[in-house]
Amino acid sequence: MLNNKTLGSMLIVAGTTIGAGMLALPIASAGLGFSTSLILIIATWLLMTYTALLMLEVHQFANKEATLNTLAKQILGKKGQYIANFSMVFLFYALCAAYIAGGGAQLQEKLSAATGMDIAPQIGSVVLALIVATIVALGTSAVDKLNRVLFTIKIIVLASLFFVLTPYVRGQHLLNMPMEQGLILSAIPVIFTSFGFHGSIPSIVKYVGLDIKTLRRVMIAGASLPLVIYIFWQLLSQGVMEQEALAQSEGLPGFVIAISNIAHSSQVHTFVTVFADLALATSFLGVSLGLFDFFADAFKQQGSGRDRIVTALITFTPPLGFALFYPQGFIMALGYAAIALVVLAVFLPVAMVWQQRKNQNEGYQVQGGNLGLICAGLCGVLIISAQGLQMFGLIPALG
């Protein structure tokens, strides 16, 4: 029987994972065909679930309130701590800035429509940042409660979208092979980043406690729910549209218009818009919660009301500032998100477990031994290589 914290933590993992990036998946994998994209999605899920369990192996010998900052320093020393801190801050500030800019624009449109006033986009960004900062500062329990409501609505919206689109799926569309081999490498970083939730693991350990059996269940179930949803989403998007038409969609708006026309339903546009808003909200909550707890640990905040306000200011002020005054800088930084996430979610867990096993043979160990660690590390190298090849224009850019 799942208790409240266990269920809530599973939904935080799933909610952080299923962000707005899910909407880019059909376009990013359009040229792959369904079977190839399915293999990549399952392989990525296996890798990210494995490294999440590695994080639990590391956490079991530390204080339950330890974050990546403390863990990396204890196991890998100062250099490991610096690498962990830079990767965490770079990736999560970039994500938060993108969520504040994108979510603020969506909120501004809704506020303008509701009030009939011409509200500046910056107002939407400030309001969104204040709302999320307040919720996160209240603690993981507050994030958990709100996330459950938003995630439930998100699942209902997705189910409605599936119901509308399923009759238009054509089996022959799902049998297409990759249009060109380079597209497989191009899709790897996009699919990889759509399974990123590792920054929120320390917050979940702190919330649930050091019960490894329960935490294993949280990680496996929390990562499996996005896997199932991604597979159904790929089945629908690639089954409804011909491969060439999907590949030629002009981003998300073109994709939404195309499937709306095929289904002869304006509801599709509404469902996708609502889902995008909810996906952004749940992912923003999970990411900012992980960053908040990271800074609370790094600056040794004691958890008093004043300390939590200071931590919230450190967490939200820089990304809000960049979203308002220099959004292009962080949009560019998001291009490097896959590399920072590989360091955070693959290389650091592998390195910490490798080092820890030299000194500690007792307790919980993830199956696979050193061979599993080497394979995970090689996967990380492959993802970074694919991202690098895209940046230098050696393979097609996607997403």
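The protein chain in this predicted model is built with 16 helices and zero strands. Its radius of gyration is 21 Å, close to the 21 Å that the globule rule gives for 399 residues, so the chain is as compact as a globular protein of that length. If you draw a box along the principal axes, the C-alpha atoms fill roughly 60 × 55 × 50 Å.

Let's look at how the chain is packed. Of the 399 residues, 55% are buried. Take the contacts between residues at least 6 apart in sequence: 84% of them join residues at least 24 apart. On the outside, the chain exposes about 17200 Å², and carbon and sulfur atoms supply 67% of that area.

Now zoom in on helix 8, which covers residues 201-208. Is this helix mostly covered or mostly exposed? Helix 8 is mostly covered, with six of its eight residues buried. The buried ones are I201, P202, S203, I204, V205 and Y207. What do these residues pack against? Their partners are helix 1 (4-17), helix 3 (34-59), helix 4 (68-115), helix 6 (140-165), helix 9 (212-240) and helix 12 (267-298). After helix 8 comes G209, a residue whose phi is positive, near 100°.

One of the residues of helix 8 leads us on to helix 12. G290 lies in helix 12 and is in contact with S203, as well as with M88, G199 and S200, when its neighbours within four places in sequence are left aside. G290 has a relative accessible area of 3%, so this glycine counts as buried. You can also find F197 from here: 93 residues separate F197 and G290 along the chain, while their C-alpha atoms are separated by 9.2 Å.

Next, follow the charges. The chain carries 19 positive and 15 negative side chains, and the centres of these two sets lie 13 Å apart. Side chains of opposite charge can pair when their charged atoms come close. How many salt bridges does the structure hold? There are four, and we can visit three pairs by name.

Start with E57 and R357, whose closest N and O atoms are 2.8 Å apart in a salt bridge. This pair links distant parts of the chain, since E57 sits in helix 3 and R357 in helix 15 (residues 337-359), 300 residues apart. Both E57 and R357 are buried.

A second salt bridge joins K110 to D277, with the closest N and O atoms 2.9 Å apart. Here too the pair links distant parts of the chain: K110 belongs to helix 4 and D277 to helix 12, 167 residues apart. Are the two partners buried or partly exposed? K110 has a relative accessible area of 42%, so this lysine is partly exposed. D277, at 19%, falls under the 20% cut-off and therefore counts as buried.

The last pair to visit is R148 and D144, whose side chains meet in a salt bridge at 2.8 Å, N to O. Which feature of helix 6 describes their spacing? Because R148 and D144 are four residues apart in helix 6, about one helical turn separates them. With a relative accessible area of 2%, D144 is buried.

How values were computed
Residues numbered from 1 in each chain as written. Predicted model: local features only at pLDDT ≥ 70, side-chain atom pairs only at ≥ 80, totals over all residues. Heavy atoms only, no water. Helix = DSSP H or I, 4+ residues; strand = E, 2+ residues; numbered from the N terminus. Rg over C-alpha atoms; globule rule 2.2 N^0.38 Å. Buried < 20%, exposed > 50% of the residue type's maximum accessible area, 1.4 Å probe, protein only. Contact = heavy atoms within 4.5 Å. Areas by Shrake-Rupley, 256 points an atom, 1.4 Å probe, with all protein chains shown as cover. Lys, Arg positive; Asp, Glu negative; His and termini not counted. Charge placed at Lys NZ, Arg CZ, Asp CG, Glu CD.
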